[in-house]
Amino acid sequence: MLTERAKILISENELKEKIREVASQISADYKGEEVLFVGILKGCIHFYSDLTREVNLPLTMDFMAISSYGSGTTSSGEVKMLKDLDKSICGKNVIIVEDIIDSGNTLSYLKRLLSSRQPKSVKICTLLDKPSRRKVDLQPDYCCFTIPDEFVFGYGLDVDQQYRNKKDIYILDPKDYPKE
Ligand code: PRP
């Protein structure tokens, strides 16, 4: 089975511990402020849920869905919005919550888009960062784990839309790479 061949990169306990740390950093940085957490579907789901429950601030929630063009593992850099936010972000502190930054194209587009809507601030919080794959100049403000250039899945991240429900993050065995 695919999950038996895959190695665990980050365990459920390591995820919990690190997310708690990042949540308390966010709570300290925004003390006395309200924050809107914007989750980018679908990969963010478990991270978003665990992170926001550890944040000790008045907060609101909204979501966006994005699709990036390109075939297989290579992204063309073009991004299309499938679902926009429900409400205006004018005057709000926004934290964009992502599962992974790879080329940086998605977040670079989103940061530009949300910054143009007159928010008070826009920051990026990512669970995983693969800086070796970056194609644009983009740094997350909060990052739980910097990882090597491996195909990872679980805890929200998919293999052909499956395995998002796994509690740990795994490295996919090359035998199981999705066919392009
Ligand atoms: C992933 C991830 C980011 C994007 C990062 O989304 O959630 O949105 O790719 O890649 P980039 O830095 O190269 O732009 P994906 O398209 O896999 O959708 P999903 O979250 O629904 O799995």
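Lys42 sits in the loop that runs between S2 and H3. In this predicted model, the peptide bond joining Leu41 to Lys42 is cis, with omega at about 0 degrees. The backbone here also meets the ligand: a polar backbone atom of Lys42 is 3.0 Å from one of the ligand's oxygen atoms. Gly43 joins in, with a backbone N or O atom 2.9 Å from a ligand oxygen. For Asp99 the contact runs through the side chain instead, where a polar atom lies 2.4 Å from an oxygen atom of the ligand. As for how much of the ligand ends up covered, it exposes 500 Å² when taken alone, and the protein buries 79% of that.

Zooming out to the whole shell, 14 residues surround the ligand, and the closest are Glu98, Asp99, Ser103, Gly104 and Thr106. Two elements give two or more residues to this shell, namely strand S5 (93-101) and helix H4 (105-115). S5 supplies the largest share, four residues. In terms of chemistry, the shell breaks down into six charged, five polar and three nonpolar residues.

Next comes the nonpolar interior. Nonpolar side chains tend to be buried together in soluble globular proteins. The largest nonpolar core in this model has 30 residues, and the ones with the most contacts inside it are Ile26, Phe37, Phe47, Leu51, Leu127, Leu128 and Ile169. Helices H2 (12-29) and H3 (45-54) each give two or more residues to this core, as do strands S2 (35-41), S5, S6 (121-129), S7 (142-146) and S9. H2 gives the most, with five residues. S5 thus turns up twice, once in the ligand shell and once in the core.

S9 has a second role, this time in a sheet. Three strands make up an open sheet with antiparallel pairing, in the order S1-S9-S8. Strand S1 (7-10) and strand S8 (152-153) are at the edges; each has a single partner strand, so one side of each is left without a neighbour in the sheet. The pairing of S8 with strand S9 (residues 169-171) is antiparallel and runs over two bridges. Val152, for one, has Ile171 in S9 as its bridge partner.

The loop between S8 and S9 is worth a look too. Asp168 lies in this loop and counts as buried because its relative accessibility is 15%, where the cut-off for buried is under 20%. Its C-alpha atom is separated by 6.7 Å from that of Ile8, although the two residues are 160 apart along the chain. Tyr155 has its place in the loop between S8 and S9 as well. Its phi is near 50 degrees, a positive value in a residue other than glycine. With a relative accessible area of 6%, Tyr155 is buried.

Another positive phi shows up at Gln118, which is not glycine either and has a value near 55 degrees. Gln118 is found in the loop between H4 and S6. Its relative accessibility is 55%, so Gln118 counts as exposed, given that the cut-off for exposed is over 50%. Side by side, then, the two positive-phi residues have opposite surroundings: Tyr155 is buried, whereas Gln118 is exposed.

How values were computed: Residues are numbered from 1 along each chain as its sequence is written. This is a predicted model: local features need pLDDT of at least 70, side-chain atom pairs count only at pLDDT 80 or more; totals for chains, interfaces and linings use all residues. Side-chain values use heavy atoms; hydrogens and water are left out. A residue is near a molecule or strand if one of its heavy atoms lies within 4 Å of it. A polar contact is a pair of N or O atoms within 3.5 Å; within protein, one must be able to donate a hydrogen and the other to accept it, and residues adjacent in sequence count only if both atoms are side-chain atoms. Accessible areas come from the Shrake-Rupley method with a 1.4 Å probe; for residues, only the protein chains shown count as cover. Ala, Val, Leu, Ile, Met, Phe, Trp, Tyr, Cys and Pro count as nonpolar, Asp, Glu, Lys and Arg as charged, and the others, Gly among them, as polar. Two strands pair if DSSP finds at least two bridges between them. A nonpolar core is a set of buried Ala, Val, Leu, Ile, Met, Phe, Trp, Tyr and Cys residues joined through side-chain atoms within 4.5 Å. Buried means under 20% relative accessible area, exposed over 50%, partly exposed in between (1.4 Å probe, protein chains only).
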